[in-house]
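Visitor: I am new to this structure. Please pick one part, look at it closely, and then show me how the rest fits around it.

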Amino acid sequence: THLGEFELLGLPKRPRGEITIYVSMGIDQDGILTVTGSAEGTDIKQDISVRANKGRMSEEVIVRLQRENEEYEMTATKGE
C-alpha cells in the first residue's frame with residue numbers, strides 16, 4: 001500500500017555512502033503516521049503525516065508497525 005512520499009532535496013554532492021540519512025517513523029494514539037527524514041550534518045529535513053480517514057489501519061496493524069519500527073531501531077543502532 002502506498003501511503004505517501006517525500007524527497008530530501010538539496011543534498012550536497014558526495015560519493016555514495018558519505019551522507020547519512022536518518023529516517024524515523026511514529027504512530028500516535030489517533031493512528032496518524034509521521035515519517036521524518038534528515039541528512040546528517042545539514043539542515044535538510046522533510047516530514048510527512050499520513051491521516052487515514054478511509055480504510056484506517058486496525059489496532060493490530062498499528063501495534064505490528066510499532067513493533068517492527070522498534071525492532072528496526074534496535075538493529076540500526078547496533079551497527080553504529
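Guide: A strand here is a DSSP run of type E with at least two residues, and strands are numbered from the N terminus. Strand 2, residues 33–39, is such a run, and Thr36 lies in it. Keep in mind that this is a predicted model.

Start with the chain as a whole. It has one helix and three strands. Read from the N terminus, the order of the elements is β-β-β-α. The chain has 80 residues, and buried residues make up 16% of them. Its accessible surface is about 6700 Å². Carbon and sulfur atoms hold 48% of that surface.

Now go to Thr36. Is this residue buried or exposed? The cut-off for buried is under 20% relative accessible area. Thr36 has 16% relative accessibility, so it counts as buried. What does Thr36 touch, once residues up to four places away in sequence are set aside? Phe6 is one of its partners. Tyr22, Val23 and Ser24 are also on the list. Lys45, Gln46 and Asp47 complete it.

Take one step back along the chain, to Val35. Val35 has its place in strand 2 as well. It counts as buried because its relative accessibility is 14%. Its contacts, leaving aside neighbours within four places in sequence, include Phe6, Val23, Ser24 and Met25. Gln46, Asp47 and Ile48 are in contact with Val35 too. One of these partners deserves a second look. Met25 is 10 residues from Val35 along the chain, yet their C-alpha atoms are separated by 4.5 Å.

Val35 also has a place in the largest nonpolar core. That core has five residues. Leu33 and Val35 are two of them, and Ile27, Val50 and Ile62 are the others. Ile62 falls within helix 1, which spans residues 59–78.

Next, see how strand 2 pairs. Strand 1 and strand 2 run antiparallel, and seven bridges join them. In this pairing, Gly26 stands opposite Thr34. The two strands form a hairpin, with five residues between them. Gly31 sits in the turn, with a positive phi of about 80 degrees.

Strand 2 has another partner, strand 3, which covers residues 45–50. These two also run antiparallel, joined by six bridges. Leu33 stands opposite Val50 of strand 3. Strand 2 and strand 3 make a hairpin too, again with five residues between the strands. There, Gly41 takes a positive phi near 80 degrees.

Pause at Glu40, found in the loop between strand 2 and strand 3. It counts as partly exposed because its relative accessibility is 45%. Which residues does Glu40 contact, leaving aside neighbours within four places in sequence? They are Thr20 and Tyr22. Thr20 is 20 residues away from Glu40 along the chain, and the two C-alpha atoms are separated by 5.4 Å.

Look now at Val23, which touches Thr36 and is in contact with Val35. Val23 is found in strand 1, residues 21–27. Its relative accessible area is 51%, so Val23 is exposed. It belongs to a nonpolar patch on the surface, together with Leu11, Ile21 and Met25. The patch has about 320 Å² of accessible area in total.

End at the helix. How many salt bridges does the structure hold? It holds one. The side chains of Glu68 and Arg64 meet in it, at 2.9 Å from N to O. Glu68 and Arg64 are four residues apart in helix 1, so about one helical turn separates them. Glu68 counts as partly exposed because its relative accessibility is 36%. Arg64 is partly exposed as well, because its relative accessible area is 35%.

One last figure concerns the whole chain. Take the contacts with a separation of 6 or more: residues 24 or more positions apart account for 37% of them.

Terms used: Residues are numbered from 1 along each chain as its sequence is written. This is a predicted model: local features need pLDDT of at least 70, side-chain atom pairs count only at pLDDT 80 or more; totals for chains, interfaces and linings use all residues. Side-chain values use heavy atoms; hydrogens and water are left out. Buried means under 20% relative accessible area, exposed over 50%, partly exposed in between (1.4 Å probe, protein chains only). Contact means heavy atoms within 4.5 Å. Two strands pair if DSSP finds at least two bridges between them. A salt bridge is a side-chain nitrogen of Lys or Arg within 4 Å of a carboxyl oxygen of Asp or Glu. Patches are made of residues with over 30% relative accessible area and no salt bridge: like charges are joined within 9 Å, nonpolar side chains (Val, Leu, Ile, Met, Phe, Trp, Tyr) within 5 Å. Accessible areas come from the Shrake-Rupley method with a 1.4 Å probe; for residues, only the protein chains shown count as cover. A nonpolar core is a set of buried Ala, Val, Leu, Ile, Met, Phe, Trp, Tyr and Cys residues joined through side-chain atoms within 4.5 Å.
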